[in-house]
Amino acid sequence: MENKNWYGNVRLQYPKDSFKIDWRLKGSEFFEFIHFIFAKIEFLFSVKWADCVSFHLKFANFGLKFYFCLMQKIQKSFEEMDRLSEKKIPFFFIIDFMIENILIFRPEELEKNGISLSFPSFINHKKFDVAQKEIEWKSFPQSKDDYQKGFEHIQKNLKEGNSYLMNYTCKTEIKTNLTLEEIYYLSVAKYKVLFGEQWTFFSPETFVEIIENRIFTHPMKGTIDASKPNAEQLMKQDKKEKAEHYTVVDLLRNDLSMVADEVRLDEFQRIDFIKTRHKNLLAMSSEISGVLKPEFQNKIGSIMKSLLPAGSILG
């Protein structure tokens, strides 16, 4: 039986930066936090937590102190990104959503690593003719009951104040007669990436761009079927779509303030046209910008470290 009065004082210390965070966690939250930290260190640094964490636990007040070997692998990658960008050396980087893996490639390394890119300002793939054939495409989405369970879990946490914006996504298995390469070349999108025989990616959304020390972000939230009469006005007046867009704009404006001064909203609720396989969509976008703080100028790694994971995701 859980004693709701149990508590643990948790202090995280980063020796190099002399940075401290103190929490007081009650009941099961304390033990869940401990489990999370151990698992995260093992996964992130590929070492057993006992190799890099020393701890002291006093049963009287559950005092706990951790000494981390912080950012052994990830931090070095961010520092390498800073080094390259300061020297104005072009590079392409891949960071997963959980910021547990970072890959960095120079332009001349892309082809030998099986990476094809199609960005507005850079394309490295060669012409590829997709064989004419009838495309087979079948998806196996999550069941409605399973989705409902996840939805209710999210609603519960929103009401409890654990988050105010959540992006609920689910893995969907597909069966097709297309290769990843064919999917990449057949897709029409602002940004496309093919990573060998592992995965392909495409998205219409620009996360951040930097022009002469001014940083821009373009959150895209709110979509509607473009074929609907008065679709643009319907979307702008829809209570749910407005709330979603207003919230993500506020979130990205706050995020940008971590790396920039003079943050402002340059464009609000712009309507973009997106063509998809099944139907055409209208999407609502805004533009936020600011002047990079001196400590972030020409430091792509430090900027990404501060801004990720992205508050707005579409793709």
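Here is a short back-and-forth about the predicted model above.

Me: What should I keep in mind about the numbering and the pLDDT cut-offs?
Reply: Residues are numbered from 1 along each chain as its sequence is written, and side-chain values use heavy atoms, with hydrogens and water left out. This is a predicted model, where totals for chains, interfaces and linings use all residues, side-chain atom pairs count only at pLDDT 80 or more, and local features need pLDDT of at least 70.

Me: How many helices and strands does the chain have?
Reply: Both kinds of element are DSSP runs numbered from the N terminus: helices are H or I with at least four residues, strands are E with at least two. On that basis the chain has 17 strands and nine helices.

Me: What percentage of the chain's residues count as buried?
Reply: Buried means under 20% relative accessible area, exposed over 50%, and partly exposed in between (1.4 Å probe, protein chains only). The chain has 315 residues, and the buried part comes to 35%.

Me: Which element gives the largest share of the largest nonpolar core?
Reply: A nonpolar core here is a set of buried Ala, Val, Leu, Ile, Met, Phe, Trp, Tyr and Cys residues joined through side-chain atoms within 4.5 Å. The largest one has 23 residues, and F78, M81, I95, I215, V259, I303 and M304 touch the most other members. Two or more residues each come from α3 (74-86), α8 (239-256), β17 (280-292) and α9 (300-307). The largest share, five residues, belongs to α8.

Me: How many residues are in the second, separate core?
Reply: In soluble globular proteins, nonpolar side chains tend to be buried together. Here the second core includes F105, L110, I115 and L117, and its size is eight residues.

Me: How far apart are R253 and D250 in helix α8, in residues?
Reply: Their side chains meet in a salt bridge at 3.2 Å, N to O, the rule being a side-chain nitrogen of Lys or Arg within 4 Å of a carboxyl oxygen of Asp or Glu. R253 is partly exposed at 36% relative accessible area, and D250 is partly exposed too, at 38%. About one helical turn separates the pair, because R253 and D250 sit in α8 at a spacing of three residues.

Me: What is the N to O distance in the salt bridge of K156 and E160?
Reply: K156 is partly exposed, with 45% relative accessibility, and E160 is partly exposed at 48%. The side chains of K156 and E160 meet at 2.8 Å.

Me: Which residue forms a salt bridge with E267?
Reply: E267 is partly exposed, with a relative accessible area of 31%. Its closest N and O atoms to the partner are 3.0 Å apart. That partner, partly exposed at 24% relative accessibility, is R270.

Me: Which residues are joined into one network by salt bridges that share partners?
Reply: By the rule used here, the count comes to 11 salt bridges. Some of them share partners, and the network they make joins K240, E241 and E244.

Me: Is E241 buried or exposed?
Reply: E241 sits in helix α8. Leaving aside neighbours within four places in sequence, E241 is in contact (heavy atoms within 4.5 Å) with G222, T223, M235 and M284. A polar atom of the E241 side chain also lies 3.4 Å from the backbone nitrogen of T223. With a relative accessible area of 12%, E241 is buried.

Notes: A polar contact is a pair of N or O atoms within 3.5 Å; within protein, one must be able to donate a hydrogen and the other to accept it, and residues adjacent in sequence count only if both atoms are side-chain atoms.
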